[in-house]
Amino acid sequence: MKPTIFAPQLPLQTRSGSPVLDIVVPFTTRPLTRAALTAAGRLSAELLPLIRIVRTQVVPFPLQVENAPVSAAVLHRQLIPLAEEFGAHLQLCFTRDAREGLLRTLAKDSVIVIASRRRWWKSREERLAIWLRQRGWSVVLEFVEKNNA
């Protein structure tokens, strides 16, 4: 199943014809995603980036991928205010495996921005960043304080 995109389809070319910076922020938790979007905006100031929030929804095996336990409309309603606050595009992906679903939404030159709390053990977000780097993507890992996320 093709990922569901809730945004105008923009070609990966800016108005001037040069390639646009494609920044992908995987949805983790609302506070960490907000921190990652803030970092993405700060890192791409004046570059006219295409910032996308990618929300993967795992659909368990007995169900058809088209019959997800959470509808696209519900996810859209929950996440569109966050996307609009940062001027980002929202992309939903219904998949059997969250990481593989995320890979399907990435372009070869995407920059992925992930926020994580600093801990002495590797958090879920840090493990995702390591996994993406091992597969060749550029990943920015933003550490936030507990009070900020």
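Begin by selecting strand 2 (residues 22-26) together with strand 3, which run parallel to each other and are joined by 5 bridges; strands are DSSP runs of E of at least two residues, helices are runs of H or I of at least four, both numbered from the N terminus, and two strands pair if DSSP finds at least two bridges between them. This is a predicted model, in which local features need pLDDT of at least 70 and side-chain atom pairs count only at pLDDT 80 or more, whereas totals for chains, interfaces and linings use all residues. Residues are numbered from 1 along each chain as its sequence is written, and side-chain values use heavy atoms, with hydrogens and water left out.

**Strand 3 and its partners**

Stay on strand 3 (residues 50-58) and colour by burial: 8 of its 9 residues are buried, so the strand is largely enclosed by the rest of the structure. Here buried means under 20% relative accessible area, exposed means over 50%, and partly exposed is in between, with a 1.4 Å probe and protein chains only. On the side of strand 2, pick V25, whose bridge partner in strand 3 is I53. Next add strand 4 (residues 89-95), which pairs with strand 3 in the parallel sense over 7 bridges, and pick R52, whose bridge partner in strand 4 is H89.

**The two crossovers**

Now show helix 1 (residues 30-43), which with strand 2 and strand 3 makes a right-handed β-α-β unit. A crossover is right-handed if, with the strands pointing away from the viewer, the path from the first strand over the helix to the second runs clockwise. Helix 2 (residues 72-86) can be shown next, since strand 3, this helix and strand 4 also make a right-handed β-α-β unit.

**Two loop residues**

In the loop between strand 2 and helix 1, select T28, which is buried, with a relative accessible area of 15%. Not counting residues up to four places away in sequence, T28 touches T33, R124 and E125, where contact means heavy atoms within 4.5 Å.

Then move to the loop between strand 3 and helix 2 and select V70, which is partly exposed at a relative accessible area of 27%. Leaving aside neighbours within four places in sequence, V70 is in contact with Q57, L75 and F94. A C-alpha to C-alpha distance drawn from V70 to V59 should read 8.7 Å, for two residues that are 11 apart in sequence.

**Rings**

A search of the whole structure finds 1 aromatic pair. The pair is W120 and W121, edge-to-face, at 5.3 Å centre to centre and 85° between the planes; rings of Phe, Tyr and Trp (its six-membered ring) pair if their centres lie within 6.5 Å, and planes under 30 degrees apart count as stacked, over 60 as edge-to-face and the rest as tilted. W120 counts as exposed, at 79% relative accessibility, whereas W121 counts as partly exposed, at 43%.

Select R118 and F143 next: the charged end of R118 sits over the ring of F143, 3.9 Å from its centre, a term that requires NZ of Lys or CZ of Arg within 6 Å of the ring centre and within 35 degrees of the ring normal.

**The whole chain**

Finally, zoom out to the full chain, which has 4 helices and 6 strands and follows, read along the sequence, the pattern β-β-α-β-α-β-α-β-α-β. Of its 149 residues, 44% count as buried.
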